[in-house]
Amino acid sequence: MLTSRFCWCVLCPLVGLALALAFLLAAPPEAAAGAAVKKGPISFINDVAPILKENCFACHDAKKRKGKLDMTSYANLRKGGDKEDPITPSKPEESLLVELITSTEADRMPPKEAGDPLPKDKVAIIEQWIKEGAKLDTGLQPQTDLLRELRVRWKPPVPPAAYKFPVNVNSLAFTSDNKKLVVGGYHELTIWDAALGKLEKRIYTRAERAYAMVFLPDGKLVVAGGRPGQEGDVRIYDINAGTPKLVNGIAVLDGVNDKAVMVKELVETDDSVLCLAISTDGKKLAAGGCDRLVRVWDLAAGHANAKVAQTIENHADWVFGVAFTPDGTRLLTCSRDKTAKVWDLKKKESVLTFPDHQNGVYGVAVSNDGKVGFSVGEDNQLRMWNATGDGKQIRPLGGHGKAVFKIAQRLDAKNPLMATCSADGSVRLWNPLNGQNTRTLTGHTDWVYAVAISPDGNLVAAGAWNGEVRVWKVADGKEVKAFNASPGYVPPKKK
Ligand code: HEC
């Protein structure tokens with residue numbers, strides 16, 4: 001149950017779809033009209049390729065090549081697989097591809113075990129395209145990677161002026177002055193006064209969701225995110241630049257097109273990027289995500305000149321967390337593959353594996369001396385282990401009553417602090433020096449996905465599935481403010 005709901009809300013494409021649909025319902029009807037009513041010639045890239053991507057690429061991409069057929073470029077589609085070109089231009093009735101998508105026999109595509117046959121309107125689009133000569137759109141090369149091309153053409157929706165549904169808070173971060181909170185919204189970042197819970201600014205983004213944020217020493221904000229199952233990115237924003245436009249009295253920045261606001265794209269991938277970490281000296285940045293890879297950038301020459309220093313393939317499944325040791329020589333990582341690992345950045349090799357969670361590991365942190373690793377996960381536990389030497393567990397610290405989603409930390413010689421957040425609705429504070437649970441912060445009534453500690457160590461903020469953000473004082477655990485981080489959202493009246 002827990003597992004399913006977690007995949008659901010954080011990453012599963014289905015919910016992304018449901019959300020997108022919810023917002024579509026509010027859009028004008030022409031936006032929702034399908035290609036079936038389209039007049040004029042069928043476009044391969046705009047009409048046919050999206051159907052192939054949704055229904056066929058899972059087995060016919062460059063890696064899987066079922067039947068030796070790769071459809072991710074026009075050239076490869078026309079090359080065919082085991083058999084000849086599956087398309088006979090102008091003659092849908094003689095095309096193998098049409099024969100297979102309309103077959104009622106065992107050779108049907110997509111295969112029965114993969115689901116229902118293609119709906120009639122989609123089959124009609126493909127037939128019509130072949131009838132019209134099966135042409136590639138002018139301006140495209142036969143070798144063009146269709147996934148990339150579809151991504152380039154995709155335009156992110158404008159976030160609603162007022163949200164009809166609360167947005168799930170997947171990440172949040174304090175600004176360097178400790179006064180504001182940047183919170184991930186639907187295709188945007190929202191900036192709030194942390195003490196007043198007042199919305200100050202909105203920054204539209206290409207990514208549907210922000211899964212992780214870190215500030216660079218120069219004040220720029222790095223955000224990792226994506227659109228589940230579709231794309232992911234790591235982008236750098238200047239949240240104080242650009243020319244704001246007023247929407248409902250709130251300053252809005254265009255982080256999609258305005259190059260003064262979205263100052264750098266570090267990477268674009270085929271699925272969400274889920275976690276970020278910055279080294280203590282601010283010169284290295286790491287990100288991990290659904291493609292199982294961890295990328296490390298060298299930022300020594302400034303973010304504008306960021307270079308990928310290494311790409312690490314050390315996990316068998318989604319990477320949920322990354323943390324640099326304070327000396328910047330090693331990187332702790334964790335994954336849905338049920339392990340946490342330590343990577344030596346100089347030798348470029350895996351140093352050790354911590355397997356004790358025996359279930360998805362959602363977050364990692366490290367002690368000030370870099371010798372102790374901390375990790376949290378689906379097993380409800382915060383675990384403390386040797387991040388050097390044998391990699392053995394020192395002890396489980398217990399933790400929460402349900403899955404623990406994130407771990408935030410502040411590396412400070414005198415007052416180091418860790419905070420964990422959980423499906424049990426609570427946030428817990430920990431002293432990493434002795435592993436003691438120093439405080440439990442309550443008030444949330446839903447799953448808490450995101451947690452952040454202010455740079456001065458005085459405040460902790462956490463965001464939940466129901467859009468609520470709560471801010472507490474570390475010193476006494478008192479709540480400073482609670483607000484819903486969905487702009488303009490009015491909760492339904494209680495009966
Ligand atoms: C779940 C995996 C899966 C999906 C999804 C899938 N296919 Fe296939 N496809 C296969 C397999 C396996 C073969 C090889 C079958 C064989 O050789 O008997 C194949 C073969 C083919 C071939 C014949 C290739 C050749 O030259 O032999 C065509 C054409 C084809 N698929 C089209 C499609 C289309 C179009 C879609 C989407 C509408 C699709 N497939 C979706 C698994 C899949």
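**View 1. Asn-178, a partly exposed loop residue in a predicted model.** Asn-178 has 16 C-beta neighbours inside 10 Å. It counts as partly exposed because that number falls between the cut-offs of 12 or fewer for exposed and 20 or more for buried. Asn-178 sits in the loop between strand S1 (172-174) and strand S2 (180-184). Its phi is near 65°, a positive value in a residue other than glycine. Most residues other than glycine have a negative phi.

**View 2. Lys-348, an exposed residue in the loop between S17 and S18.** What is the phi of Lys-348? The value is near 55°, which is positive although the residue is not glycine. Lys-348 lies in the loop that links S17 and S18. Within 10 Å there are 11 other C-beta atoms, so Lys-348 is exposed.

**View 3. The open sheet S15-S16-S17-S18.** Four strands make up this open sheet, and their pairing is antiparallel. Which strands form the edges? They are strand S15 (319-324) and strand S18 (349-354), each of which pairs on one side only. From one strand to the next, the twist averages 20°. Strand S17 (residues 340-344) and S18 run antiparallel and are joined by five bridges. One pair to pick out is Trp-343 with its bridge partner in S18, Ser-350. Strands of a sheet pair through backbone hydrogen bonds, either parallel or antiparallel.

**View 4. The hairpin of S29 and S30.** Strand S29 (residues 468-473) pairs with strand S30 (residues 479-484) in the antiparallel sense, over five bridges. Trp-472 stands opposite Glu-479 in S30. How many residues lie between the two strands of the hairpin? There are five. Gly-477, in the turn, has a positive phi of about 75°.

**View 5. Glu-265 on strand S10.** Glu-265 belongs to strand S10 (residues 262-269). Is Glu-265 buried or exposed? It counts as exposed, because it has 12 C-beta neighbours inside 10 Å and the cut-off for exposed is 12 or fewer. Leaving out residues up to four places away in sequence, Glu-265 touches Asp-233 and Arg-235. Asp-233 is 32 residues from Glu-265 along the chain, yet their C-alpha atoms are separated by 7.5 Å.

**View 6. The shell around the ligand.** The ligand has 22 residues around it. Cys-56, Cys-59, Gly-67, Gly-81 and Met-109 come nearest. By type, the shell divides into 14 nonpolar, five polar and three charged residues. Which element gives the largest share of the shell? Helix H6 (residues 96-101) does, with four residues.

**View 7. The cis peptide bond at Met-109 and Pro-110.** Met-109, one of the residues nearest the ligand, is joined to Pro-110 by a cis peptide bond. Omega is about -10°. Pro-110 lies in the loop between H6 and helix H7 (120-131). Most peptide bonds are trans.

**View 8. Confidence along the protein chain.** The average pLDDT of the protein chain is 91. Of the residues, 92% score at least 70. Where is the pLDDT below 50? That is the case over residues 1-37. Beyond near neighbours in sequence, this stretch has 36 contacts in the model.

Technical notes: Residues are numbered from 1 along each chain as its sequence is written. This is a predicted model: local features need pLDDT of at least 70, side-chain atom pairs count only at pLDDT 80 or more; totals for chains, interfaces and linings use all residues. A residue is near a molecule or strand if its C-beta atom, placed from the backbone, lies within 6 Å of it. Ala, Val, Leu, Ile, Met, Phe, Trp, Tyr, Cys and Pro count as nonpolar, Asp, Glu, Lys and Arg as charged, and the others, Gly among them, as polar. Two strands pair if DSSP finds at least two bridges between them. Two residues are in contact if their C-beta atoms, placed from the backbone, lie within 7 Å. Axes are lines fitted to C-alpha atoms, for helices over the stretch in contact, and angles run from 0 to 180 degrees between N-to-C directions. pLDDT is the predictor's confidence in each residue, from 0 to 100.
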